[in-house]
Amino acid sequence: MQGFTANLVLGATGFAIGDMIIQLIFFLILLALLKKFAWGPLLNMMKEREDYIANEIDTAEKSREEAARQQREASEELKKTRQDAQSIIEDARKTAGQQERDIVESARKEAERIKISARQEIEQERDKAVQTLKDQVASMSVMIASKVIEKELSEQDQQALIDKYINESGEER
């Protein structure tokens, strides 16, 4: 049986050790060729693909970070703009309030000036009337005095004469 087993292994089926060694050498040569021409370029291509994907991921991450930064900046700018607008509105309200107070104060001063001017006019007119009255009384006094001198009148006659001249001067007005 031992011979039968050795025949089987050594060539009974048509395989010889020399053929196996040659096949092993061809297999190793094939592996070397595959490594040089197929496996190496395949690994290089996979490495390049890995680098490309990693680069794309980095670029996407940077883009995302940039977008987030720009969104924060835009949000801050919008917030600042809203604050500026609120400040402008508040300033306008203060200015309007101040203008309102100024206008009211100006109108009050103008009314006071008109009031003083009217009082001065009234006083001037009153002074003119008083002066006119004084002039009339003086002229009447002179006329009465001249009439009294012309004739001696009794006290009743003098009073009647004064009343007459006062009535006449009142009608002349």
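# Exercises on a predicted helical model

The structure holds 9 salt bridges, a salt bridge being a side-chain nitrogen of Lys or Arg within 4 Å of a carboxyl oxygen of Asp or Glu. This is a predicted model, in which local features need pLDDT of at least 70 and side-chain atom pairs count only at pLDDT 80 or more, while totals for chains, interfaces and linings use all residues. Residues are numbered from 1 along each chain as its sequence is written, and side-chain values use heavy atoms, with hydrogens and water left out.

## Exercise 1: salt bridges in helix α2

**Task.** Describe how Glu66, Arg69 and Glu73 are linked, and then examine the pair glutamate 90 and arginine 93.

**Solution.**
- Step 1. Glutamate 66 and arginine 69 form a salt bridge through their side chains, at 2.1 Å from N to O, and both residues lie in helix α2, 3 residues apart, which is about one turn of the helix.
- Step 2. The side chain of arginine 69 also meets that of glutamate 73 in a salt bridge, at 2.2 Å from N to O; these two residues of helix α2 are 4 residues apart, again about one turn.
- Step 3. For the other pair, the side chains of glutamate 90 and arginine 93 meet in a salt bridge at 3.9 Å, N to O, and both residues lie in helix α2, 3 residues apart. By shared partners, salt bridges join Glu66, Arg69 and Glu73 into one network.
- Step 4. As a general point, side chains of opposite charge can pair when their charged atoms come close.

## Exercise 2: exposure and the nonpolar patch

**Task.** Classify arginine 69, arginine 93 and phenylalanine 26 as buried, partly exposed or exposed.

**Solution.**
- Step 1. The classes rest on relative accessible area: buried means under 20%, exposed over 50%, and partly exposed in between (1.4 Å probe, protein chains only).
- Step 2. Arginine 69 has a relative accessibility of 31%, so it counts as partly exposed, whereas arginine 93, with a relative accessible area of 54%, is exposed.
- Step 3. Phenylalanine 26 lies in helix α2, residues 17–150, and is exposed because its relative accessible area is 56%.
- Step 4. Phe26 also belongs to a nonpolar surface patch, whose members include Ile22, Ile25 and Ile29, with about 800 Å² of accessible area together. Such a patch is made of residues with over 30% relative accessible area and no salt bridge, nonpolar side chains (Val, Leu, Ile, Met, Phe, Trp, Tyr) being joined within 5 Å and like charges within 9 Å.
- Step 5. Across the protein, 4% of the 173 residues count as buried.

## Exercise 3: where to trust the model

**Task.** In which helix is confidence lowest, and in which is it highest?

**Solution.**
- Step 1. The protein has 3 helices and 0 strands, where helices (H or I, at least four residues) and strands (E, at least two) are DSSP runs, numbered from the N terminus.
- Step 2. The protein averages a pLDDT of 84, and 85% of the residues score at least 70, pLDDT being the predictor's confidence in each residue, from 0 to 100.
- Step 3. Confidence is lowest in helix α1 (residues 2–12), at a mean of 47, and highest in α2, at 90.
- Step 4. Over residues 3–12, pLDDT stays under 50. Where pLDDT is low, the predicted coordinates should not be read in detail.

Conventions
Areas by Shrake-Rupley, 256 points an atom, 1.4 Å probe, with all protein chains shown as cover. Contact = heavy atoms within 4.5 Å.
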